[in-house]
Each structure stands twice: as C-alpha cells, then as structure tokens.
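Dear colleague,

I am handing over the structure we spoke about, and it follows directly below. After it you will find some notes on what turned up when I went through it.

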Amino acid sequence: MITKPSSIAGRAPLGRKPTAIGGIVALAAAAIVAGSSFPASAQDDGLLANACTSCHGVDGRSEGAIPSIAGMDPEIFLAIMQAFRSGNTNATIMGRIVAAYSDEQLQEIAAYFAAR
Amino acid sequence: MAKISRREFIGWSAAAAATMLAPIRISAQAAPRVVIIGGGFGGATVARTLRQVAPDIAVTLVERDPQFVTCPLSNAVLGGLRDLSSITFGYDVIRDEGVDVITAEATDVDPVARTVRLGDGTTLDYDRLVMSPGVDMRWGAIEGYDQAAAEIMPHAWQAGPQTALLRNQLEAMEDGGLVIIAPPTNPFRCPPGPYERASLIAHYLKHNKPSSKILILDAKEAFSKQSLFEEAWGALYGDMIEWVPGSLSGAVIGVDPGTMTVRTDFDEYTPAVANIIPPQQAGAIALALGLDDGLGFCPIDGRTFESRVVPGIHLVGDATIAGAMPKSGFSANSQAKVCARAIAAILAGNEASDDAVLLNTCYSAVAPDYGISVAGAYRTDADGTLVSIEGAGGTSPLGASEDVRAAEFAYAESWYENITEEMFG
C-alpha cells in the first residue's frame with residue numbers, strides 16, 4: 001500500500017507548496033516499481049526511532065509542517081531517505097541529518113514507524 | 001549539603017557496598033524507583049520515556065514550579081509574536097500517566113543512602129536518580145550583576161517572569177532607544193539564542209519604534225549561525241543591529257543598574273533596555289553535590305548519562321558536559337530518551353546500549369516566515385564521550401530562497417508543537 005501523499009507532505013507551510021516532496025514521492029514510486037525489497041525482519045526497540053519523534057511527533061504523528069511518518073510504507077520511507085542522502089532534493093533539515101544513519105539503521109527506523 | 005570528592009565517594013562506596021548494588025533492591029521484589037529532579041526538557045522527557053519503556057518502574061518527578069515555561073520560542077514572546085501563555089505547560093498529563101509529580105524544591109541528596117530530601121522535609125528513596133536542573137546564572141561574574149540587578153537589567157535566560165519583564169521594558173521604551181544584548185562566553189544555554197533574540201526584537205522595533213538600535217556586546221569572537229544571521233539582518237533590518245565582538249571591547253565587564261550603565265573594557269553605555277546574559281553553570285543542586293568536579297558543568301557517560309563523579313546519579317540537559325552536543329532543549333530531550341532507556345536496562349539487570357544516535361536541531365526565527373537552523377547528530381566513542389557523526393549535520397545554506405526560509409520557519413513552529421506534545425502531552 002502506498003501512503004497517501006498528503007500524510008507524507010504534512011500541511012504545506014504558510015500556503016506555500018513544500019519544496020521537495022513531489023519529487024520524492026515520484027522517486028519512491030520509482031523505487032517500488034523497481035521492486036526494491038524490504039527486509040521484513042528488521043526490528044527496532046525504538047532506541048533509534050525515538051530520536052526522530054522530537055521533530056516528527058509522538059509515534060511519528062506530526063502537528064503542522066513537519067511531515068508525519070507514522071504508518072508510512074517502509075519502502076517509501078527508505079526511498080525518501082535515499083533521496084535526502086543523495087542531495088537530489090531541496091531538503092531543509094533532513095538532508096543534513098540522514099547522513100548520520102547507515103542503511104541498516106534506516107531500515108530499523110522504517111520498520112518502527114511502519115508499525116505505528 | 002557537603003561536597004563529595006571522587007576519592008571520598010569511592011571510600012564511602014566501599015563501606016556501603018551493600019546499599020550500592022541495585023540488583024539487591026530488585027531481588028527484594030519492590031518496584032525499582034527512579035526520582036527525577038527538574039521537569040524541563042530533560043526531566044519531563046525522562047519521566048514519560050520511562051513510563052513508556054518500563055512501566056514497572058515507579059517514577060517520581062520533583063519540580064519546583066507548578067508550570068514550565070519553555071526557553072524555546074520565548075524570543076517570539078519578546079518580539080511580540082506570541083503570548084507567554086502559549087509557551088507555558090503543566091504536568092497533568094504526566095501525572096495522569098502514573099508519574100508521581102511533586103511540586104517542591106529538592107534541597108538535599110544523599111548519594112550513599114540514595115535519598116532525596118525535599119523542602120518540606122520529606123525524604124524520597126531512589127534506586128536511580130536523574131537530575132535535569134538546567135543552568136543557574138553565575139551572579140557576580142559581571143561586576144554589579146546580581147539577582148537584584150536582573151530585576152532592572154533582565155537576563156531572560158530562564159523563561160517566565162524574566163521574559164515578561166524584558167518584554168514590558170521593550171514595550172515601554174521610546175522610539176530611538178538603545179537596546180543592549182550582552183551574550184556570555186561559551187559554554188552557555190542555547191548558543192544561537194542571543195542572536196535570534198536580537199532578530200525578533202529588531203522585528204518588533206522595526207514595526208513599532210524604527211529609529212531604535214540594538215547593540216550586541218559580545219564576549220565572543222564568533223557565534224552560532226553567524227553568517228546566516230548577518231545575511232538576514234542586512235536584508236531585513238538594515239543597520240538596526242550592530243554586533244561588537246570581544247576583541248573590539250564587546251565583552252561586558254560591569255553594570256550599574258542604578259544609573260543603567262553597562263561597561264566594557266573601553267566603553268560605557270547607558271541603554272534604555274539592557275539584556276545582560278551572564279555566564280552560567282549547572283543548577284545549584286548538582287554543584288552542591290560536587291557533580292561538576294569543579295568544572296561548572298557535570299561530566300557524564302554519554303551511553304547512560306550517569307555522572308562520572310557519583311554513581312547512581314544521572315544528569316541530562318544543560319547542566320552536563322555532553323561532548324559535542326550543544327546546550328539546548330532539543331539536546332536535553334534527545335539525551336533524556338537515551339538516559340531513560342539506559343536506566344530501564346540497568347534496573348532490569350541488563351547492559352545499556354551504546355548504539356544510540358542522538359540529535360539536535362536548533363531552529364532560529366529571524367522574522368516571521370524566515371527561519372534558519374543548525375543540526376547535528378551524535379554518538380558515543382569507546383569512552384562514552386559524545387562525538388559528532390562525521391558527514392552529518394550543518395547549517396541552512398546561505399543565499400537560500402524565500403521558500404526555504406519560510407519552510408524552516410514553519411518547521412520550527414511544527415517542531416515546537418511536536419516536542420512540547422511529547423514532553424507535556
């Protein structure tokens with residue numbers, strides 16, 4: 001199932017369109033078409049994911065402009081993270097933060113929020 | 001409360017070894033007890049994270065005030081963008097989740113008996129103590145700047161009445177007045193804070209008292225997000241804000257609140273409003289226990305946030321020496337989650353994880369719809385020192401579009417809603 005774009009983008013800040021999200025959703029869709037596989041066994045006790053909620057809200061449910069990530073399809077989540085990491089987006093904050101995580105760590109985090 | 005040297009403490013520990021071993025308490029079948037002193041970004045987050053990850057632990061939160069006013073967004077109050085009530089939070093949700101929230105001052109800690117004494121004489125037993133006492137001002141570090149002086153020349157570096165006082169002074173000031181903001185040397189709470197403050201006060205003055213001037217008399221040679229702030233100031237506020245570094249006689253060395261005089265090495269000013277932000281140190285209760293090891297802030301192991309000086313006591317937030325992490329509410333929140341999980345592991349007889357990635361993002365509003373940020377990611381090294389993760393973090397770009405600045409402003413507001421929801425419900 002593909003998460004609704006509206007829940008990825010959150011509310012557009014101040015009536016402006018979020019800068020990067022449209023392209024990211026396209027990337028994510030491309031990743032799914034390409035059949036990238038997600039390891040269903042990836043688990044996280046919340047230690048890593050817990051850091052994300054300071055911005056993205058309790059369990060990944062965000063108020064306001066920051067995107068909600070609760071219940072996000074893990075493949076979309078990972079595609080977005082890869083897009084941020086590659087610098088192929090106009091990310092404001094996340095492009096600087098995602099570089100701290102390995103692919104394995106991102107998979108753990110993706111699984112955690114997918115289950116919220 | 002007597003200070004305890006490391007050597008004395010080790011002696012005491014040996015003598016009191018039986019009481020020092022947490023597993024003994026657990027084997028006595030009693031629920032393990034965690035007492036938290038301080039209900040801000042660090043303490044409130046430890047309390048709620050413990051309820052979430054280890055509901056069998058009895059958690060007591062001791063906080064002096066019935067409500068908490070956040071320093072983040074208090075500059076928006078100074079700039080007239082928000083009311084103080086919108087940055088004020090209570091403890092009802094935390095209480096409803098089963099945390100014993102006690103409105104009292106913790107006056108004494110006995111780290112051998114593992115007890116906390118409150119102002120009314122009550123004693124609380126703990127298996128693990130968490131202190132999140134924030135910072136205290138170092139009164140007297142600037143000649144003439146004491147608690148009485150702060151009622152005339154507010155620091156407003158602890159949000160609440162000080163914020164209201166400074167806002168009232170700005171509102172009462174005549175057009176054409178001089179506002180001095182005097183930031184301290186490092187380390188201090190919220191490194192970009194004084195410059196965000198200058199920005200949002202400039203926003204207020206530009207629209208209400210446009211002939212006024214803001215002089216930042218700095219003890220430092222450089223500051224957080226400096227080029228981004230200076231780019232924004234030039235674009236938004238012309239020459240209203242002037243920054244004077246320490247080497248150009250910027251450092252404030254003395255004040256006289258009676259004559260509204262602010263003194264540097266070579267210059268003397270008589271501003272209409274003086275916001276003196278003095279050097280800081282860990283909150284009094286941590287210093288009284290010697291947890292700072294004479295350093296002013298408290299060394300901790302970044303894997304557990306346990307004190308390097310006294311075992312069984314954990315510290316989070318601005319009171320700590322947290323390696324590469326800056327002193328911010330965001331840092332305190334991130335540290336608190338790691339600390340709570342470590343305590344849960346330790347009290348369950350397990351080893352704390354060293355796999356955490358800690359985060360900090362300091363958003364600053366320069367004006368409505370104009371935000372900038374600095375982000376960092378941190379891990380612990382083999383000694384438990386918090387180090388930056390290479391390749392991650394950094395500031396917003398210079399020369400970014402209006403859309404990017406507006407997005408960061410909106411993200412800052414959204415962050416605030418989310419983190420305060422996480423802390424206070």
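A good place to begin is Met260(B), which lies in the loop between E14 and E15 of chain B. Although Met260(B) is not a glycine, its phi is positive, at about 55 degrees. Met260(B) has 16 C-beta neighbours inside 10 Å and therefore counts as partly exposed. Please keep in mind throughout that this is a predicted model.

The two strands on either side of that loop belong to an open sheet of 3 strands in chain B, which are arranged in the order E14-E15-E16 with antiparallel pairing. Strand E14 (252–256) and strand E16 (268–269) of chain B are at the edges, and because each has a single partner strand, one side of each is left without a neighbour in the sheet. Between E14(B) and strand E15 (residues 261–264) of chain B, the antiparallel pairing runs over 4 bridges, and within this sheet Val252(B) stands opposite Thr264(B) in E15(B).

A positive phi in a residue other than glycine also appears at Ala156(B), where the value is near 50 degrees. Ala156(B) is found in the loop between strand E10 (135–137) and helix H7 (161–172) of chain B, and it counts as buried because it has 26 C-beta neighbours inside 10 Å, where 20 or more are needed.

Another loop of chain B, the one between strand E11 (178–182) and helix H8 (193–208), contains Pro187(B). The peptide bond that joins Asn186(B) to Pro187(B) is cis, with an omega of about -5 degrees.

Turning to the helices, helix H12 (residues 402–424) of chain B has 23 residues and reaches 33 Å from its first C-alpha to its last, which is close to the 33 Å expected at 1.5 Å a residue. Of the 23 residues of H12(B), 18 are buried, so this helix is largely enclosed by the rest of the structure. Just after H12(B) comes Gly425(B), which takes a positive phi of about 80 degrees.

Finally, a word on confidence. Chain B has a mean pLDDT of 94, and 93% of its residues reach 70 or more. Over residues 10–28 of chain B, however, the pLDDT is below 50, and this stretch has 16 contacts in the model beyond near neighbours in sequence. For the complex, the predictor gives an ipTM of 0.90 and a pTM of 0.89.

With best wishes

Technical notes. Residues are numbered from 1 along each chain as its sequence is written. Chains are lettered from A and ligands numbered from 1 in the order in which they are written. This is a predicted model: local features need pLDDT of at least 70, side-chain atom pairs count only at pLDDT 80 or more; totals for chains, interfaces and linings use all residues. Two strands pair if DSSP finds at least two bridges between them. pLDDT is the predictor's confidence in each residue, from 0 to 100. Two residues are in contact if their C-beta atoms, placed from the backbone, lie within 7 Å. The expected span of a helix is 1.5 Å times one less than its number of residues. A residue is buried if 20 or more other C-beta atoms lie within 10 Å of its own, exposed if 12 or fewer, and partly exposed in between; C-beta atoms are placed from the backbone.
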